[in-house]
Amino acid sequence: MNKIFLFITIFLLAGFHLLFLDSDPSPIKRWGDVSDEGYWIHNARLNILFNNYTKDDMEMSRFGAPLFNLLVKYVFMFLGVSYFSARLIPVISFWLILIMMYYLIKDHYGQKFSIQSVFIFGIVHEMLMYTKWATPIITEIMFLLSILFFYQNKNVNKNFCFLSGLAFSLAILSKITAVLFLPSLIIFFLWEYYFNEISLKEILLFVYGVLLILLPVSIFFIYPNFYNYQIMFDYPGYTAGNFEFFSTLKNLILIPFNFTLFKYPSTVFIFI
């Protein structure tokens, strides 16, 4: 019976999330966020309409969210350029978040409670507000949650630690700000290692998973476009117009100790 309720819940939520997907943003959303959809899908849209990622100099999505940019491009190829197709990737990412939440909760509190929790979480206005929004945030969060999802299954198979590392690298490629959670991950693994919840071999499997994707991407994509990344990080919205490597590294290390919950939408989802 619980499996029937699970399928009904997933079906209802999927239909609800797709309903009026191309409608206007939430009226209580910060007005400045509305324009974000434009530049996060900009390069994918240019590639489809003009067969050129760089028709102009606005390349934030191409370099700041390369995986999200690629996924949106393929959706545009099959469904055309529209608000509906642009928002499909965040919606599908949210479905995967709900599925992972179900299994994470079920292992601790049982199937009935997990179905109820997923249903309530799936209709919360604040979640829908960001899900029906064509930006890489939900996709980034989906991969960050995958880290915990795979990590929880490491007792079944140690290779899940490797998949956990892959998930972190894909989170960074979905939106480069995911690297801000690296210090928190390091603290988490040190904590787990101290209490013998994880072995050094399992930590190395995680590192191998991260490097398997990020190393070739760094060599063949980031390094050849390093000049563009410098321009992006010099943008005042990121570094107050003055990018310095060591200053940025120091701020990155101090992030877990200077945590501002509502400064970025991503931190709200991590908190939840």
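## Helices that cross

A helix axis is here a line fitted to C-alpha atoms over the stretch in contact, and the angle between two axes runs from 0 to 180 degrees between N-to-C directions. In this predicted model, helix H6 and helix H12 (residues 160-174) pack at an angle of about 75°, with their axes 5 Å apart. Angles of 65 to 115 degrees count as roughly perpendicular, and H6 and H12 are therefore roughly perpendicular to each other. On the H6 side the contact is made by Pro66, Leu67 and Phe68, which meet Leu170, Leu173 and Ser174 in H12.

Helix H6 (residues 66-79) also packs with helix H8 (residues 88-109); their axes come within 9 Å and cross at roughly 115°. H6 and H8 are therefore roughly perpendicular to each other as well. In this second pairing, Phe68, Leu71, Val72, Val75 and Leu79 of H6 meet Leu88, Ile89 and Pro90 of H8. Phe68 thus appears in both sets of contacts: with H12 and with H8.

## The protein as a whole

The protein has 18 helices and zero strands. Of its 272 residues, 42% are buried. The exposed area is about 15,800 Å², and carbon and sulfur atoms supply 69% of that area.

How much of the contact within the protein joins residues at least 24 apart? Among contacts between residues at least 6 apart in sequence, the share is 70%. One pair that is far apart in sequence is Trp40 and Thr135: these residues are 95 residues apart along the chain, yet their C-alpha atoms are separated by 5.7 Å. Trp40 belongs to helix H3 (residues 36-40). The relative accessible area of Trp40 is 5%, so Trp40 is buried.

## A salt bridge between buried residues

Three salt bridges are found in a search of the whole structure. One of them joins Arg87 and Glu37, whose closest N and O atoms are 2.7 Å apart. Arg87 lies in the loop between helix H7 (83-86) and H8, while Glu37 lies in helix H3, so the pair ties together parts that are 50 residues apart in sequence.

Are the two partners buried or exposed? A residue counts as buried when its relative accessible area is under 20%. Arg87 has a relative accessibility of 2% and so counts as buried. Glu37 has a relative accessibility of 5%, so Glu37 counts as buried too. Glu37 is in helix H3, the helix that also holds Trp40.

## A network around Glu202

Lys154, Lys158 and Glu202 are linked in a network of salt bridges. The side chains of Lys154 and Glu202 meet in a salt bridge with an N to O distance of 3.9 Å. This pair links distant parts of the chain: Lys154 is in the loop between helix H11 (137-152) and H12, and Glu202 is in helix H14 (residues 200-222), 48 residues apart. The side chains of Lys158 and Glu202 form a salt bridge at 3.2 Å, N to O. Here too the pair links distant parts of the chain, with Lys158 in the loop between H11 and H12 and Glu202 in helix H14, 44 residues apart.

The members of the network can be described by their accessibility. Lys154, at 7% relative accessibility, counts as buried. Glu202, at 5% relative accessibility, counts as buried. Lys158 has a relative accessible area of 42% and is therefore partly exposed. The category of partly exposed lies between buried, under 20%, and exposed, over 50%.

## A nonpolar patch on the surface

Which residues make the nonpolar patch on the surface? The patch is made by Ile4, Phe5, Ile8, Phe11, Leu12, Phe16, Leu19, Phe20, Phe119, Ile120 and Ile123, and its area is about 1,100 Å². Helix H1 (2-18) and helix H9 (111-123) each supply at least two residues of this patch. H1 gives the most, with six residues.

Ile123 is one of the residues of the patch, and its place is in helix H9. Ile123 has a relative accessibility of 38% and so counts as partly exposed. A patch residue needs over 30% relative accessible area and no salt bridge, and the 38% of Ile123 fits the first of these conditions.

Definitions and conventions. Residues numbered from 1 in each chain as written. Predicted model: local features only at pLDDT ≥ 70, side-chain atom pairs only at ≥ 80, totals over all residues. Heavy atoms only, no water. Patch = residues over 30% accessible without salt bridge, like charges linked within 9 Å, V, L, I, M, F, W, Y side chains within 5 Å. Areas by Shrake-Rupley, 256 points an atom, 1.4 Å probe, with all protein chains shown as cover. Salt bridge = Lys/Arg side-chain N within 4 Å of Asp/Glu carboxyl O. Helix = DSSP H or I, 4+ residues; strand = E, 2+ residues; numbered from the N terminus. Buried < 20%, exposed > 50% of the residue type's maximum accessible area, 1.4 Å probe, protein only. Parallel < 35°, antiparallel > 145°, perpendicular 65-115°, else oblique. Contact = heavy atoms within 4.5 Å.
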